[in-house]
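Notebook open, structure loaded. I want the overall picture before I look at single residues.

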There are 2 protein chains.
Amino acid sequence: MSSHSSPLDAAFNAEAFRETGHRLMDQLADYLRASLARSDTPVLPAIGPEAMLREWPGDFSEHPGTDFQTIIGRVLRLSHNLQHPRYIGHQCCTALPLAALNDLVGTFLNNASAVYEMGPVNIAMEKRLVQWMATLAGYGPEADGIFTNGGTLGNLTALLSARQVKADYNIWTEGVDSGRPLAVLVSEQCHYSVKRAVSVMGLGERAVYPVAVDREFHMDREDLARQYKKATGEDRRVFAVVANGCSTATGSFDDLEAVADFTREHDLWLHVDAAHGGSALLSGKYRSLLKGLNRADSLIWDAHKMMMIPALATAVLFREGRHSYESFSQKASYLFEKESREEWYNYAHRTMECTKTMMGIKLYVPLAVYGTGIFREFIDRTYDLTRAFADLIEASPDFELAVRPQSNIICFRYLPDGIADPDDLQRRIRRRVLERERFYIVQTDLKKRFYLRCTVINPGTTIGDIEELLQHIRETAAEI
Amino acid sequence: MSSHSSPLDAAFNAEAFRETGHRLMDQLADYLRASLARSDTPVLPAIGPEAMLREWPGDFSEHPGTDFQTIIGRVLRLSHNLQHPRYIGHQCCTALPLAALNDLVGTFLNNASAVYEMGPVNIAMEKRLVQWMATLAGYGPEADGIFTNGGTLGNLTALLSARQVKADYNIWTEGVDSGRPLAVLVSEQCHYSVKRAVSVMGLGERAVYPVAVDREFHMDREDLARQYKKATGEDRRVFAVVANGCSTATGSFDDLEAVADFTREHDLWLHVDAAHGGSALLSGKYRSLLKGLNRADSLIWDAHKMMMIPALATAVLFREGRHSYESFSQKASYLFEKESREEWYNYAHRTMECTKTMMGIKLYVPLAVYGTGIFREFIDRTYDLTRAFADLIEASPDFELAVRPQSNIICFRYLPDGIADPDDLQRRIRRRVLERERFYIVQTDLKKRFYLRCTVINPGTTIGDIEELLQHIRETAAEI
């Protein structure tokens with residue numbers, strides 16, 4: 001070290017790091033213990049954004065300020081508690097504790113995995129994971145893919161490949177304005193990121209033809225044909241169909257065999273957004289929900305949803321691996337020495353990111369340590385419990401189910417007798433549930449009605465928690 | 001817990017987590033100590049991608065396999081060691097040890113910060129950081145912005161806003177093919193992600209007009225005017241100029257005042273890629289390198305480069321904050337309840353990502369704990385040392401400097417007497433340096449010549465290390 005007295009050198013002192021780290025471990029283990037015991041920790045503290053801003057001043061001074069342990073204590077106290085079994089809200093998972101520790105290795109090493117030289121272990125692990133996931137999806141040995149920062153980027157990466165492969169000229173160099181206007185057929189229940197990707201890609205929201213869904217929120221086969229006809233009638237070249245495996249709002253799995261028949265018939269790219277549902281492939285009991293997935297040209301699958309891996313780790317898989325090289329196509333002498341396809345191990349050829357976090361280690365290590373068993377158990381337990389949740393709703397005359405759940409997402413309404421405005425009641429119930437800090441649930445619009453929405457995503461959640469949630473909703477509504 | 005005997009429940013045991021965490025802390029602290037002591041740990045193990053693949057089997061079984069401590073030991077041994085003071089390669093930083101611990105809090109909590117409800121603490125911290133960074137950039141109170149996953153996404157997000165703001169119709173809904181072809185003027189030294197963003201956006205690589213640089217690798221003012229004329233002559237509507245603060249290959253800072261004069265004259269959007277150089281704003285000694293940055297319409301600044309924060313945390317800042325809402329523009333009922341501008345705290349309106357990691361906590365906590373002092377010290381130390389590095393090169397007749405370094409990036413060649421093919425020699429030197437595992441350096445092409453390239457980015461690197469590197473290169477070349 002050049003100078004032992006400098007604050008910068010002190011920040012790199014290994015013994016200070018060790019000591020701070022041990023204290024942090026105790027802090028986090030205590031937090032986990034309290035959360036799982038359903039102690040008085042709020043699931044989500046009822047503080048609005050402006051009040052929260054006042055908790056965190058923004059005038060950083062030249063000199064040291066708050067002690068680390070103190071500030072982390074405040075962070076834990078004011079954060080959203082995903083470890084709590086009564087977090088039954090968004091599709092954000094409680095981190096598998098070992099996966100969180102494992103992520104510390106990733107951030108500590110900070111091997112940014114754009115090219116092999118920058119993160120050799122991670123690159124190898126990503127390759128193994130892509131092969132393993134592709135096999136689970138029913139793809140053959142020619143499949144390939146990459147990991148990227150989340151489902152939105154994943155959908156964009158896949159659609160960029162579709163745009164390039166299905167065009168009759170080089171769109172990457174010539175631009176979308178050098179050919180016939182394009183169109184994409186998209187389940188109206190697709191995640192907003194699909195529509196976003198289409199606009200980012202310069203096609204305009206007009207290029208999205210939403211396909212209606214049936215009563216179970218599956219893409220309607222007849223409307224698919226209708227929208228195809230409509231788009232071609234408007235002189236657009238349809239190049240892709242995006243299906244759900246499963247959808248965000250209701251967790252519904254499209255009939256992938258039927259959609260694949262359609263895309264084969266019309267020579268279209270089939271992309272399946274399996275961000276949430278892909279993990280069902282790990283369950284013998286539920287993998288048939290994804291029947292036909294092996295026929296998709298591309299799919300995305302988030303390890304940070306139903307595999308309990310901390311965000312973000314999205315796999316983008318291509319049935320024909322060479323298409324993984326079509327999303328982007330460039331040179332950069334300070335990074336690459338060869339042509340892209342000679343360098344499977346330099347992922348920046350194929351990912352939006354240049355600097356990328358160690359996504360391989362995120363998923364590889366927990367899989368290697370635990371085996372696949374706990375992941376299967378997690379799928380089965382949460383999917384099973386959501387079905388039991390639906391049974392409870394159906395057995396309760398004051399509640400109404402939107403649709404029988406297919407995955408671990410469920411939408412329902414509380415409808416006691418004599419309610420004038422059911423939508424308004426659900427909205428108010430949800431706000432009040434949040435204020436009470438005991439449960440976390442979310443909401444959605446379905447066919448112009450407002451529903452309460454839950455994702456059963458914490459392995460500690462039990463049917464007892466669900467029973468108490470329904471009772472909690474009843475009490476909350478009575479207060480309103 | 002529903003069943004104490006289940007492997008899934010066992011994985012959530014708080015005491016097992018505590019114990020594993022303490023062991024991991026010792027493992028990482030020992031690694032840090034050894035790295036800083038320049039012990040025998042290789043900077044980068046000389047293993048090729050295929051051999052590395054064989055180290056990590058991909059057949060995950062149903063049952064538990066490797067023990068966590070064992071597998072992490074192998075990960076540490078086979079990874080790229082950024083903690084080592086002789087890592088002088090890419091612009092990837094050694095993680096500030098406290099920042100790595102702090103990231104564990106972020107991944108443990110896993111508060112995905114798409115909307116306020118999902119990550120309230122993080123959202124508030126991001127807001128404070130954006131204000132603080134915008135003020136450092138010289139922006140006024142109307143500035144705003146967001147954090148995103150890396151510079152590539154940051155450049156894309158800024159250019160999407162530029163595309164939307166500067167168009168004379170709604171490109172988001174209508175597509176780029178509904179108006180006159182667009183064009184962007186880009187320093188030929190821009191990071192490849194800028195060109196990539198333009199193609200992603202559907203404009204085609206043809207829409208990029210590269211602007212030549214002068215001998216110091218600054219964008220040439222006259223060629224800027226020439227390219228503008230060329231693009232408009234080819235019936236393209238130029239909407240933006242992208243300048244460097246600083247560039248990737250040589251770390252050169254464009255003359256932002258001159259470029260801003262040009263963009264004002266022609267009513268163009270000025271975007272500055274300050275991914276690497278933005279942190280120089282923290283240094284009284286070096287901040288003048290960014291003079292004129294306050295006139296940029298948008299800029300990006302990576303905290304994971306010169307602020308020692310583990311990847312990824314890129315700030316995208318807009319001089320006029322309302323433009324931050326123009327990059328994307330959508331609705332999603334399961335996420336948002338109101339119009340986007342009423343909801344500054346729901347960042348998903350403005351970021352590519354829906355689920356996003358806790359980027360606010362990543363940077364806020366280290367700043368709050370240490371103050372700004374150590375960050376200033378880091379910039380001054382690395383920039384100063386790079387200048388001393390250049391002095392050494394200039395004093396050595398057998399070495400040649402590409403250009404005097406402006407930041408902490410330096411490019412040079414080893415040119416002993418009687419060399420037939422200097423490019424080939426540099427290439428072979430670099431490969432051999434990597435094989436010897438003692439130093440990590442990279443390479444780049446500059447004006448069709450091959451150079452060795454270093455980024456001084458570890459606070460432990462000293463002038464002694466640089467002297468030994470030059471000697472190491474001489475010895476390596478002698479072996480060839």
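**Confidence.** I began with the scores, since this is a predicted model. Chain A has an average pLDDT of 95, and 97% of its residues score at least 70. For the model as a whole I noted an ipTM of 0.96 and a pTM of 0.97.

**Chain A, overall.** I went through the secondary structure next and listed 16 helices and 11 strands in chain A. Its radius of gyration is 24 Å, close to the 23 Å that the globule rule gives for 480 residues, so chain A is as compact as a globular protein of that length. Along the principal axes, the C-alpha atoms fill a box of roughly 75 × 60 × 45 Å. I also looked up burial: 62% of the 480 residues of chain A count as buried. Then I checked how far along the chain the contacts reach. Taking the contacts in chain A with a separation of 6 or more, 73% are between residues 24 or more positions apart.

**Domains of chain A.** Where are the domain bounds? Domain 1 covers 106-370 and domain 2 covers 373-479. Their C-alpha centres lie 31 Å apart. I then looked at the contact between these two domains, which takes 21 residues from domain 1 and 18 residues from domain 2. On the domain 1 side I sorted the residues by class and got 12 nonpolar, 7 polar and 2 charged.

**Chain A against chain B.** I moved on to the contact between the chains. It takes 141 residues from chain A and 141 residues from chain B. Which element of chain A gives the most to this side? That is helix α2 (residues 14-36), with 14 residues. By class, the chain A side has 79 nonpolar, 41 polar and 21 charged residues.

**Symmetry.** How are the two chains related? A rotation of 180 degrees, with 0.0 Å of shift along its axis, superposes chain A on chain B at an RMSD of 0.0 Å. I wrote this down as a two-fold axis, because that is the relation it describes. The same surface serves both copies, and 100% of the contact residues of chain A recur in chain B.

**Arg206(B).** I picked out two arginines of chain B for a closer look. Arg206(B) sits in the loop between α9 (192-200) and β3 (208-211) of chain B. What does it touch, leaving aside its neighbours within four places in sequence? My list is Thr173(A), Glu174(A) and Gly175(A). Within its own chain I looked up the spacing to Val184(B): the two are 22 residues apart along the chain, and their C-alpha atoms are separated by 9.5 Å. Arg206(B) has 18 other C-beta atoms within 10 Å, so I put it down as partly exposed; buried would need 20 or more.

**Arg295(B).** This one is in the loop between β5 (269-273) and β6 (298-302) of chain B. Not counting residues up to four places away in sequence, Arg295(B) touches Leu256(B), Ala260(B) and Leu270(B). Is Arg295(B) buried or exposed? I entered partly exposed, because 18 other C-beta atoms lie within 10 Å. Last lookup of the day: Arg295(B) and Leu76(B) are 219 residues apart along the chain, and their C-alpha atoms are separated by 44 Å.

Key: Residues are numbered from 1 along each chain as its sequence is written. Chains are lettered from A and ligands numbered from 1 in the order in which they are written. This is a predicted model: local features need pLDDT of at least 70, side-chain atom pairs count only at pLDDT 80 or more; totals for chains, interfaces and linings use all residues. Two residues are in contact if their C-beta atoms, placed from the backbone, lie within 7 Å. Helices (H or I, at least four residues) and strands (E, at least two) are DSSP runs, numbered from the N terminus. Ala, Val, Leu, Ile, Met, Phe, Trp, Tyr, Cys and Pro count as nonpolar, Asp, Glu, Lys and Arg as charged, and the others, Gly among them, as polar. A residue is buried if 20 or more other C-beta atoms lie within 10 Å of its own, exposed if 12 or fewer, and partly exposed in between; C-beta atoms are placed from the backbone. Domain bounds come from an automatic or database domain assignment. Copies are superposed by least squares on the C-alpha atoms of residues with pLDDT of at least 70 in both. pLDDT is the predictor's confidence in each residue, from 0 to 100. The radius of gyration is taken over C-alpha atoms; the globule rule is 2.2 Å times the number of residues to the power 0.38.
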